[in-house]
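Subject: Structure handover

Hi,

Here is the structure I said I would pass on. Have a look at it first, then read my notes underneath.

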Amino acid sequence: IHGRVSLVSKEPPATCNGRSEYVFRLNVGKLLEITEARGDGSGYKISRRTGIAESSVYRILSGEAQPDLNSAMRLVEAYDLDIRKLMERVQIEAAA
């Protein structure tokens, strides 16, 4: 992807001393809880508040896509959040 930083690598995870690694993923349930509390219960309203394309918001909400760094920052700034509250660490098991 040119000019964009992804929060999720498409590369297989590396291991360190046999331990499995992890990636960060957006907690969509938490995002919806926060946006609905602010009156933004639809992808359209989230898009309007954040400036993220409506189609991208719907892909993020459906779990089809993870936000890139720019979109993640737009979400946390628009809703005055700490990014760590929206992201969750997901363990990836190394292939045997």
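Below is what I found, going from the whole chain down to single residues.

**Whole chain**

Keep in mind that this is a predicted model. Mean pLDDT for the chain is 84, with 76% of the residues at 70 or more. The part to treat with care is residues 1-6, where pLDDT stays under 50. For that stretch the model has 3 contacts beyond four places in sequence.

There are 5 helices and 2 strands, and along the sequence they come in the pattern β-α-α-α-α-α-β. Of the 96 residues in the chain, 27% are buried. If you take the contacts with a separation of 6 or more, 64% of them are between residues 24 or more positions apart. The accessible surface is about 6,600 Å², and carbon and sulfur atoms account for 48% of that.

**The core**

The largest nonpolar core has 14 residues. Leu 26, Leu 31, Ile 46, Leu 61, Leu 75 and Leu 86 are the ones with the most contacts inside it. H1, H3 and H4 are the elements that give two or more residues to this core.

Ile 46 is a good place to centre your viewer. Leaving out its neighbours within four places in sequence, Ile 46 is in contact with Thr 35, Asp 40, Val 57, Leu 61, Leu 75 and Tyr 79. Leu 61 and Leu 75 also appear in the list of core residues with the most contacts.

**Helix H2**

H2 covers residues 43-50, and its buried residues are Gly 43, Ile 46, Ser 47 and Thr 50. Looking down the axis of H2, these buried residues fall within an arc of 100°, so they line one face of the helix. What do the buried residues of H2 pack against? Three helices: H1 (28-37), H3 (54-62) and H4 (69-78). Right after H2 comes Gly 51, with a positive phi near 85°.

**Helix H4**

In H4 the buried residues are Ser 71, Ala 72, Leu 75 and Val 76. They cover an arc of only 130° around the axis, so they sit on the same side of H4. The cover over these buried residues includes H1, H2 and helix H5 (83-86).

Ala 78 is also in H4. Is Ala 78 buried or partly exposed? Its relative accessible area is 24%, which makes Ala 78 partly exposed, because buried means under 20%. Beyond its neighbours within four places in sequence, Ala 78 is in contact with Arg 38, Arg 49 and Thr 50. Thr 50 is one of the buried residues of H2. The C-alpha atoms of Ala 78 and Thr 35 are 9.8 Å apart, although 43 residues separate them along the chain.

**The residue after H4**

Asp 80 follows H4 and lies in the loop between H4 and H5. Its phi is positive, about 50°, although Asp 80 is not a glycine. As background, most residues other than glycine have a negative phi. Asp 80 is exposed, with a relative accessible area of 67%. If you check backbone angles before setting anything up, this is one to look at alongside Gly 51, which has a positive phi too.

**Strand E1 and the aromatic pair**

Val 23 is found in strand E1, residues 21-26. At a relative accessible area of 13%, Val 23 is buried. Leaving aside neighbours within four places in sequence, its contacts are Glu 88, Arg 89, Val 90 and Ile 92. The C-alpha atoms of Val 23 and Met 87 are separated by 9.7 Å, with the two positions 64 residues apart along the chain.

The structure holds 1 aromatic pair. Which residues form it? Tyr 22 and Phe 24, in an edge-to-face arrangement with 5.5 Å centre to centre and 85° between the planes. Tyr 22 is partly exposed, with a relative accessible area of 36%, and Phe 24 also counts as partly exposed, at 36%.

That's the tour. Shout if anything looks odd at your end.

Cheers

Definitions and conventions: Residues are numbered from 1 along each chain as its sequence is written. This is a predicted model: local features need pLDDT of at least 70, side-chain atom pairs count only at pLDDT 80 or more; totals for chains, interfaces and linings use all residues. Side-chain values use heavy atoms; hydrogens and water are left out. Buried means under 20% relative accessible area, exposed over 50%, partly exposed in between (1.4 Å probe, protein chains only). Helices (H or I, at least four residues) and strands (E, at least two) are DSSP runs, numbered from the N terminus. The arc is that of the directions from the helix axis to the C-beta atoms. Contact means heavy atoms within 4.5 Å. A nonpolar core is a set of buried Ala, Val, Leu, Ile, Met, Phe, Trp, Tyr and Cys residues joined through side-chain atoms within 4.5 Å. pLDDT is the predictor's confidence in each residue, from 0 to 100. Accessible areas come from the Shrake-Rupley method with a 1.4 Å probe; for residues, only the protein chains shown count as cover. Rings of Phe, Tyr and Trp (its six-membered ring) pair if their centres lie within 6.5 Å; planes under 30 degrees apart count as stacked, over 60 as edge-to-face and the rest as tilted.
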